Structures are given as C-alpha cells and as structure tokens.
Amino acid sequence: ACTNLQEIPFEEIMSFLESRKKYLDAVCISGGEPTLFEDLPEVIKTIKKLGYLIKLDTNGTNPDMIQTLIEQRLVDYIAMDIKNDLESYNTTCGVPFVNLFNIQKSINIIQSSGIDYEFRTTLIKEFHNETNITNIANWLNDPKHYYLQKFRISESCINQNLHEVDIETAKKFRKILLTKFTNVNLRGY
C-alpha cells in the first residue's frame, strides 16, 4: 500500500525542526513501533537538544526501550495503545502471539514513571464489546488518562471489513470504565 514513499534523511528532518523552533514546542515519535529502533535514544537526544518536548506513541511491546527512555529523561509524555482485554489481545492485533508479559511490564513502567501518560483503545465493532471493556476496567490500575478512540477505516488497513463503534456504544463503554477509572474521554467522536 505504501510502496512509493520516499525515505526522508534525518538531516532534513532536523533542519525542518530547527527552522520551526519558534512555532513548535513538541515532537511526537510514532510509527510503526518506534521502540524497535535501537538508535531511538540517540535520535531523541538530538531532537531534545533543540529544546523540543517529546511524546512517544507505543504499543508497549518493548518495555526495555521504554524503561531506557524514561531513565534517560528522553520522553515527556507517553501514549500507549491498549488493544483489548488480555483474552482478546492476540485476535485484535491479528497475530497468533503477543507477549502479554511485555505489555503488562510496559504498563507498570509507564504508570510508575512519574511522567505524564495516557492509555488508549481504538474501538472496533468487531473486537470490542461490553465484556472486553469491563475486563479492561478490571485489569488496569486507574490510569492518569484513558481515551476511547474512534476507528477510521483507511486504504492502509489490512482488513477492510472492520467498522467503527457508534457514539452511543462508545458512551456506554466510557460509563463502564468510569466505574474503575477517574479520567476517561472519547476521542474523535
């Protein structure tokens, strides 16, 4: 789907960030999964030297890198995807095995880090129901911020047969989470 994308040299990115210092104050490191890149700490250090705050978007599969970034004070905010409850994680990710120990370890690291963070679930009609949401509420310790995000189909989606959760159902899910979590919001609705 994305075969004709050109790689942008890091120097070009840094030049752009240097020229926008007066107008921007933060950079979001996203992916794919950015924690898979061994040189991520060095890349972030280079960006932070320009004075930018750093937000990391992660799926939580690489807790060791998350720990390194936190210990080196290279991230100012972390957004971690919570794909589903533990029983449905693999199915939702579309793979036979997700290392749930690493997911839990990342959750624990982030929640005990002292930095600002959010957990978020992108709601998909085929994967999320009241039972899944109740299980998430019972699984996680009350996160700082929890977002239920609206799913949007795009050409790059591998499975084109997925559907968004309607606003009324999303509100029901929010209500379920609010029985255990303090701060739950809808995003994109």
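**Note on a predicted model: strands, salt bridges and surface**

1. Start with Glu-42. Its relative accessibility is 47%, so Glu-42 counts as partly exposed. Keep in mind that this is a predicted model. Glu-42 has a salt-bridge partner, Lys-45, and the closest N and O atoms of the two are 3.2 Å apart. Lys-45 also counts as partly exposed, at 31% relative accessibility. How far apart are Lys-45 and Glu-42 in helix α2? They are 3 residues apart, which means about one helical turn separates them.

2. Now place helix α2. The helix covers residues 40–48. Together with β1 and β2, helix α2 makes a β-α-β unit, and this unit is right-handed. The two strands of the unit also pair with each other: β1 and β2 run in the parallel sense over 4 bridges. One contact to find is Ile-29, whose bridge partner in β2 is Leu-56.

3. Look along β1 next. In a regular strand, side chains alternate between the two faces of the sheet. In β1, Val-27 and Ile-29 point to one face, and both are buried. Ala-26 and Cys-28 point to the other face and are not buried. Cys-28 has a relative accessibility of 40%, so it counts as partly exposed.

4. Move on to strand β3, residues 77–81. Which of its faces are covered? Both are. On one side, Tyr-77, Ala-79 and Asp-81 are buried; on the other, Ile-78 and Met-80 are buried. That makes 5 of the 5 residues, so β3 is largely enclosed by the rest of the structure. Set this beside β1, where Ala-26 and Cys-28 are not buried.

5. What pairs with β3? One partner is strand β2 (residues 53–58), in the parallel sense over 4 bridges. Here Thr-58 has Met-80 of β3 as its bridge partner. Another partner is strand β4 (residues 116–123), again in the parallel sense, over 5 bridges. Ala-79 has Glu-118 of β4 as its bridge partner.

6. There is a second β-α-β unit to trace. Follow β2, then helix α3 (residues 63–71), then β3: this unit is right-handed. The loop between α3 and β3 holds Arg-73. Check the backbone there. Phi of Arg-73 is near 55 degrees, a positive value in a residue other than glycine. Is Arg-73 buried or exposed? Arg-73 is exposed, with a relative accessible area of 71%.

7. Back to the salt bridges. How many does the structure hold? The count is 13. One of them joins the side chains of Arg-120 and Asp-57, at 3.6 Å from N to O. Arg-120 sits in strand β4 and Asp-57 in strand β2, so this pair ties together parts that are 63 residues apart in sequence. Both Arg-120 and Asp-57 are buried. Compare helix α2, where Glu-42 counts as partly exposed.

8. Another salt bridge links Lys-83 and Asp-81, with the closest N and O atoms 3.5 Å apart. The two ends differ in exposure. At 16% relative accessibility, Asp-81 counts as buried. At 28%, Lys-83 counts as partly exposed. The cut-off that splits them is simple: buried means under 20%.

9. Which residues are linked in a network of salt bridges? They are Lys-55, Asp-57, Asp-81, Lys-83, Glu-118, Arg-120 and Arg-187. Several names are already familiar. Asp-57 and Arg-120 are the buried pair from point 7. Asp-81 and Lys-83 form the bridge from point 8. Glu-118 is the β4 partner of Ala-79.

10. Check the cysteines. A disulfide is a covalent bond between the sulfur atoms of two cysteines. The count here is 0 disulfides. Cys-93 has a relative accessible area of 30% and is partly exposed. Cys-28 counts as partly exposed too, at 40%.

11. Last, the surface. Phe-16, Tyr-23 and Leu-24 make a nonpolar surface patch of about 340 Å². Where does Leu-24 lie? Leu-24 is in the loop between α1 (10–19) and β1 (26–29). Its relative accessibility is 37%, so Leu-24 counts as partly exposed.

Methods: Residues numbered from 1 in each chain as written. Predicted model: local features only at pLDDT ≥ 70, side-chain atom pairs only at ≥ 80, totals over all residues. Heavy atoms only, no water. Buried < 20%, exposed > 50% of the residue type's maximum accessible area, 1.4 Å probe, protein only. Pairing = 2+ DSSP bridges. Right-handed = clockwise from strand over helix to strand, strands pointing away. Disulfide = S-S within 2.5 Å. Patch = residues over 30% accessible without salt bridge, like charges linked within 9 Å, V, L, I, M, F, W, Y side chains within 5 Å. Areas by Shrake-Rupley, 256 points an atom, 1.4 Å probe, with all protein chains shown as cover. Salt bridge = Lys/Arg side-chain N within 4 Å of Asp/Glu carboxyl O.
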